[in-house]
Amino acid sequence: MSSTTPEIVFAGTDGGALTELDEYEKVGGLQALRRARAMTPDEIVAELNASNLRGRGGAFFPTGRKWSFIPKPDQNPRPHYLVVNADESEPGTFKDREIMLRVPFRFLEGCLIAARAIESTHVFVYIRGEYEREWEILVSALEQLRAAKHLGDVTLVLHRGAGAYICGEETALLESLEGYRGQPRTKPPFPAIAGLYASPTAVNNVESITTVPPIIEMGGTEYATLGVQDSTGTRVFSLSGNVERPGNYELPHGFPLKDLIYEVGGGIADGRTLKAVIPGGSSTPILTAAEAEKVTLDFDSLSQAGTAIGSAAVIVLDDRCCMVQLGVRVSQFYEHESCGKCTPCRVGTRWLTQILKKIESGDGTHADLDLLLDVGERINGTCLCPLGDSDAIAVASYVAKFREEFLQHVEEAGCPFHGTSSLDGIVAPTDVHEAHVGPAEIRRPLEVVA
């Protein structure tokens with residue numbers, strides 16, 4: 001498939017950024033908003049359904065259908081809310097931040113169109129707290145829209161999160177937005193019925209919302225001609241790892257994974273060979289090099305290969321990567337980010353990490369390898385949210401695809417890479433305190449200040 005499909009999300013940027021309102025309007029900005037305001041909410045939803053736009057945050061649920069679940073004001077008179085998830089904490093994912101940096105007005109225009117579609121006048125953008133520059137750009141764009149009186153009757157609030165991965169889960173995000181500890185809610189009820197402040201709420205991803213204005217402008221049917229069936233349109237792929245040219249690339253769905261790595265990304269860095277690829281962020285099952293050569297970047301192809309497109313974060317791993325170390329790092333991440341609300345995740349992620357560390361250190365046995373998989377099976381499907389499942393599924397895929405490497409650790413009583421793995425020295429959050437090499441703490445007696 002050709003990569004010459006026109007840009008949708010980054011259209012009009014010419015490789016740069018559109019951070020001034022007049023610049024954005026010169027390339028056709030806000031035309032979709034004007035068109036949408038002349039349409040009924042049902043007509044907007046119909047265009048989204050015709051486009052078959054599916055969520056870009058990881059779940060890949062049809063956006064128009066999600067909006068159609070929101071009851072009409074006469075069915076539920078409580079305020080309706082649009083909440084945009086700009087937390088973006090999935091390892092390997094960095095597309096939303098570039099969208100907010102380069103096309104903030106297209107993103108905010110999408111928020112206003114989506115608000116009209118669900119008949120809401122209240123929009124909250126929950127942005128990752130560490131995104132300082134992105135926050136500043138959005139604040140500036142919002143002030144420009146407000147000064148030009150383009151917001152209409154919509155109140156748009158930018159809310160900064162406090163740096164918790166769990167708040168990427170929609171109900172935990174809502175809890176955090178309400179001022180509570182970010183922990184998942186039991187479902188049902190689902191957010192469409194009882195979300196923010198127990199009111200009807202649509203929760204969407206930044207890229208999903210930013211794709212809405214181009215769909216309204218070109219028409220849903222036209223947008224559906226891009227990409228492939230069931231995975232329409234373009235996608236911003238975050239390419240990282242052992243590749244020559246990492247970065248964000250907007251490409252049509254159905255683009256061959258091998259072409260993204262070798263043609264777009266310039267091939268494997270340092271002349272190494274490809275070993276594996278994580279195709280959709282750390283929570284998705286891994287692909288071997290042979291599998292990566294065959295798949296295309298769309299829902300169906302990756303599902304048939306036993307993995308998922310997820311957040312479209314493609315992590316490339318070369319032949320220096322120790323798969324047991326990869327398992328340790330990934331499991332440490334999920335252990336660290338578990339909110340602790342449900343036992344299988346709170347206990348299970350820690351247990352997985354401990355077993356993986358034992359195998360990596362050369363102290364593991366064949367029984368430990370069996371126990372690792374057994375613990376994962378007991379986590380999977382028993383948690384309130386997908387966090388624990390993500391750890392279990394990812395680790396199980398490493399064992400399934402690279403079992404011989406795990407067996408080498410057991411039978412050779414140590415890592416076969418002998419300190420040459422590309423993951424050596426990479427410190428996970430749970431080990432930060434052990435890696436601290438700064439000056440020792442100066443201990444002084446307590447002082448009483450009068």
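1. Helix H15 supplies the largest share of the lining of the second largest pocket, five residues. Helices here are DSSP runs of H or I with at least four residues and strands are runs of E with at least two, numbered from the N terminus. A pocket, on a 1 Å grid over the protein atoms alone, is an open set of points with protein on both sides within 12 Å along at least five of seven lines, while a cavity is a set of points where a 1.4 Å probe fits but cannot get out; lining residues have an atom within 4 Å of a point.

2. A word on the model before going on. This is a predicted model, in which local features need pLDDT of at least 70 and side-chain atom pairs count only at pLDDT 80 or more, whereas totals for chains, interfaces and linings use all residues. Residues are numbered from 1 along each chain as its sequence is written, and side-chain values use heavy atoms, with hydrogens and water left out.

3. Back to the second largest pocket, which holds about 480 Å³ of space. Its lining has 22 residues, and Pro91, Leu326, Arg329, Val330 and Leu423 are the closest to its centre. Besides H15 (residues 323–337), strands S7 and S13 each give two or more residues to this lining. By class, the second largest pocket is lined by 15 nonpolar, six polar and one charged residues. For these classes, Ala, Val, Leu, Ile, Met, Phe, Trp, Tyr, Cys and Pro count as nonpolar, Asp, Glu, Lys and Arg as charged, and the others, Gly among them, as polar. Volumes are the space filled by probe spheres set on the grid points, which are joined across faces, edges and corners.

4. Strand S13 deserves a look of its own. It spans residues 313–318, and six of its six residues are buried, where buried means under 20% relative accessible area, exposed over 50%, and partly exposed in between, with a 1.4 Å probe and protein chains only. Ala313, Ile315 and Leu317 point one way from S13, and Val314, Val316 and Asp318 point the other way. You may like to note that Asp318 is among these buried residues.

5. Which strands pair with S13? Strand S7 (residues 234–241) runs parallel to S13 and is joined to it by four bridges; leucine 239 of chain position 239 stands opposite valine 314. Strand S10 (residues 274–278) pairs with S13 in the antiparallel sense, also over four bridges, and alanine 276 has leucine 317 as its bridge partner. Two strands count as paired if DSSP finds at least two bridges between them.

6. Just before S13, alanine 312 sits in the loop between helix H14 (299–304) and that strand. Its phi is near 65°, a positive value in a residue other than glycine. Alanine 312 counts as buried because its relative accessible area is 0%. Aspartate 230 also has a positive phi, near 70°, and lies in the loop between strand S5 (227–228) and strand S6 (231–232). Aspartate 230 is partly exposed, since its relative accessible area is 32%.

7. Please check the backbone around prolines 188 and 189. The peptide bond from lysine 187 to proline 188 is cis, with omega near 0°, and another cis bond joins proline 188 and proline 189, with omega about 5°. Proline 188 lies in the loop between helix H8 (170–177) and helix H9 (191–194), and proline 189 lies in that loop too.

8. The largest pocket holds about 1300 Å³ of space. Of its 49 lining residues, Gly57, Gly58, Ala59, Gly168 and Glu169 lie nearest its centre. Elements supplying at least two lining residues each are H4, helix H5 (95–102), H9, strand S4 (201–205) and H18. The lining has 20 nonpolar, 18 polar and 11 charged residues.

9. Is threonine 63, in helix H4 (residues 63–68), buried or exposed? Threonine 63 is buried because its relative accessibility is 2%. Leaving aside neighbours within four places in sequence, threonine 63 is in contact (heavy atoms within 4.5 Å) with Leu48, Leu53, Arg54, Gly55 and Asn204.10. Finally, the cavities: there are two of 30 Å³ or more. The largest has about 60 Å³ of space, and its lining has nine nonpolar, two polar and one charged residues. The second largest has a volume of about 30 Å³ and is lined by Leu352, Leu372, Leu373, Gly376, Ala392, Val395 and Ala396.
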